[in-house]
Amino acid sequence: MRREKGAMCTPVLQFTNCRILRGRKLLREDLWVRGGRILDPERLFFEERLVADEQRDCGGCILAPGFIDVQINGGFGVDFSQATEDVGSGVALVARRLLPHGVTSFCPTLVTSPPEVYHKKEEGVGWDACLRYLCHVLPQIPVKSGGPHGAGVLGVHLEGPFISREKRGAHPEAHLRSFEANAFHDVLATYGPLDNVRIVTLAPELGRSHEVIQALTARGICVSLGHSVANLRAAEEAVQSGATFITHLFNAMLPFHHRDPGIVGLLTSDRLPPGRHIFYGMISDGMHTNPAALRIAHRAHPQGLVLVTDAVPALGLGNGRHTLGQQEVEVDGLTAYVAGTKTLSGSIAPMDVCIRHFLQATGCSVESALEAASLHPAQLLGLEKRKGTLDFGADAAYL
């Protein structure tokens, strides 16, 4: 029965005439939502004895879980690696502008920056005292739920400065760092508190990286391997220490070689810990990765592929010069370069464009393409019960 008028209950919304992605299949079923959660219609009917307050005809379209972008440097003129007095308003703008592209959760990504961008440390005080002072960027990007106001923030992705000089890509060489004797202290001295951090990209060949990986994973932070000249042995040891992700596979790492495939070899390695699942990001924008390379990676390890945009602040803007942290970036057509060079500097393709290109380039199923941008990143971050799925009880973000 329908609830009485005026009853103090959250309304039930029913999406009809749609195909929903559930259990790796597109099913012709209705989707029921209440209060930001997906409902089990049988419990609604037989236990609560309710029907929908509102129905929306989807016209035969696909309903998929919201996309999750775990590597995005900014967009629409907002640079997450620029310390400003109101970082939060920029993050909110990007969160709002991502929704039309299907992204309902993301990890704002900071590229290699000087320590004062990450946090503010006053001169003449020790590290313990420093933690009590106002910081710059990181505390201004708290974890935040998504909704009609914008995509949710899952935590910050810190890409660098603990990366290889040889494979630094668009990261400024002057601010790169290595680990010293007290390695994890170096991490804290660089970043400040890690309360809002979800992912850290580092090069596993750096000395003492394994103790850093262990310390970060013990705090629930995902460690990603990237911007690296590591061989396969070093990459496998990093995974054995707790690393679970590869930052933009093929880009900013040693190319595949048949005698030592490097980090790429993790996709088919037989030396990973039992039950350990490696995930890897791919920038499917038509510029960063050849379609053949996309096909090779997908066919080798389809369940680990995570689509990322690696979008720069120029996303949504036109040709010209823009910023990426401490660097100037020049956008020419569909490509972003470090100004004055031919070094690629992130992407200007939104997630929906990346999914379409991935689908076309690999010839995979629609289900696989959608899951690479939803279920797989959710699994990477341990959120697959709430995000990346349309199972009963999962989050429901819709426009």
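Start with the largest nonpolar core of this predicted model. The core has 76 residues, and those with the most contacts inside it are F106, L202 and L266. Nonpolar side chains tend to be buried together in soluble globular proteins.

Select L266 and show what surrounds it. Not counting residues up to four places away in sequence, L266 touches L225, L232, A235, E236, V239, I246, L272 and I278. Another core, of 15 residues, lies apart from the largest one. To find this other core, select I68, C107, L154 and L380, which are among its residues.

**The annotated binding site**

Next, select A170, N251, A252, R259, H288, L344, S345 and G346. In an unreviewed UniProt entry, the annotation "binding site" covers these residues. They are spread over 177 residues of sequence, and in space their C-alpha atoms lie up to 29.7 Å apart. Which of them are included in the lining of the second largest pocket? That lining includes A170, N251, A252, H288, L344, S345 and G346.

Now turn to the second largest pocket itself. Its space comes to about 240 Å³. The pocket is lined by 20 residues, and A170, H227, H248, L344 and G346 are those that lie nearest its centre. By type, the lining divides into seven nonpolar, ten polar and three charged residues.

**Three residues of the site**

Zoom in on A170, in the loop between β13 (156-159) and α5 (183-191). Is A170 buried or exposed? Its relative accessible area is 12%, so A170 is buried, the cut-off for this being under 20%. Leaving aside neighbours within four places in sequence, A170 is in contact with Q327, V338, T343, L344 and S345. Two of these contacts, L344 and S345, are also covered by the "binding site" annotation.

Move on to S345, which lies in the loop between β21 (335-338) and α9 (351-362). S345 has 1% relative accessibility and therefore counts as buried. Beyond residues up to four places away in sequence, S345 touches A170, V312, L324, V329, A336, Y337 and V338.

Then select H288, found in the loop between β17 (279-283) and α8 (291-300). With a relative accessibility of 14%, H288 also counts as buried. Which residues is H288 in contact with, leaving aside its neighbours within four places in sequence? They are N251, I283, L344, G346 and S347.

**The annotated active site**

Select D310 next. UniProt, in an unreviewed entry, places the feature "active site" at this residue. D310 is found in the loop between β18 (305-308) and β19 (320-324). At 6% relative accessibility, D310 counts as buried. Not counting residues up to four places away in sequence, D310 touches Q71, N73, E159, H248, I283, G346 and S347. Among these, G346 and H248 are also listed with the residues nearest the centre of the second largest pocket. I283, G346 and S347 appear among the contacts of H288 as well.

**The cavity**

To see the largest cavity, select D69, I72, L98, H101, V103, T309, A311, L315, A349, P350 and M351, which line it. About 40 Å³ of space lies inside the largest cavity. Its lining divides into eight nonpolar, two polar and one charged residue.

**From L176 to α5**

Go back to the loop between β13 and α5, and select L176 there. L176 has a relative accessible area of 8% and is therefore buried. Measure in the viewer from the C-alpha atom of L176 to that of I163: the two are separated by 6.7 Å, although they are 13 residues apart along the chain. Leaving aside neighbours within four places in sequence, L176 is in contact with T112, P161, I163, S164, R165, R168 and H171.

The tour ends at α5, which follows this loop. Why is α5 described as largely enclosed by the rest of the structure? The reason is that seven of its nine residues are buried. To display the buried residues of α5, select A183, F184, D186, V187, L188, T190 and Y191. Just after α5 comes G192, which takes a positive phi of about 80 degrees.

Definitions and conventions: Residues numbered from 1 in each chain as written. Predicted model: local features only at pLDDT ≥ 70, side-chain atom pairs only at ≥ 80, totals over all residues. Heavy atoms only, no water. UniProt positions renumbered as here; feature names shortened; annotations may be inferred. 1 Å grid on protein atoms, 1.4 Å probe; cavity = no way out; pocket = protein on both sides within 12 Å on 5 of 7 lines; lining within 4 Å. Helix = DSSP H or I, 4+ residues; strand = E, 2+ residues; numbered from the N terminus. Buried < 20%, exposed > 50% of the residue type's maximum accessible area, 1.4 Å probe, protein only. Contact = heavy atoms within 4.5 Å. Core = buried A, V, L, I, M, F, W, Y, C linked by side-chain atoms within 4.5 Å. Points joined across faces, edges and corners; volume = space filled by probe spheres on them. Nonpolar A, V, L, I, M, F, W, Y, C, P; charged D, E, K, R; others polar.
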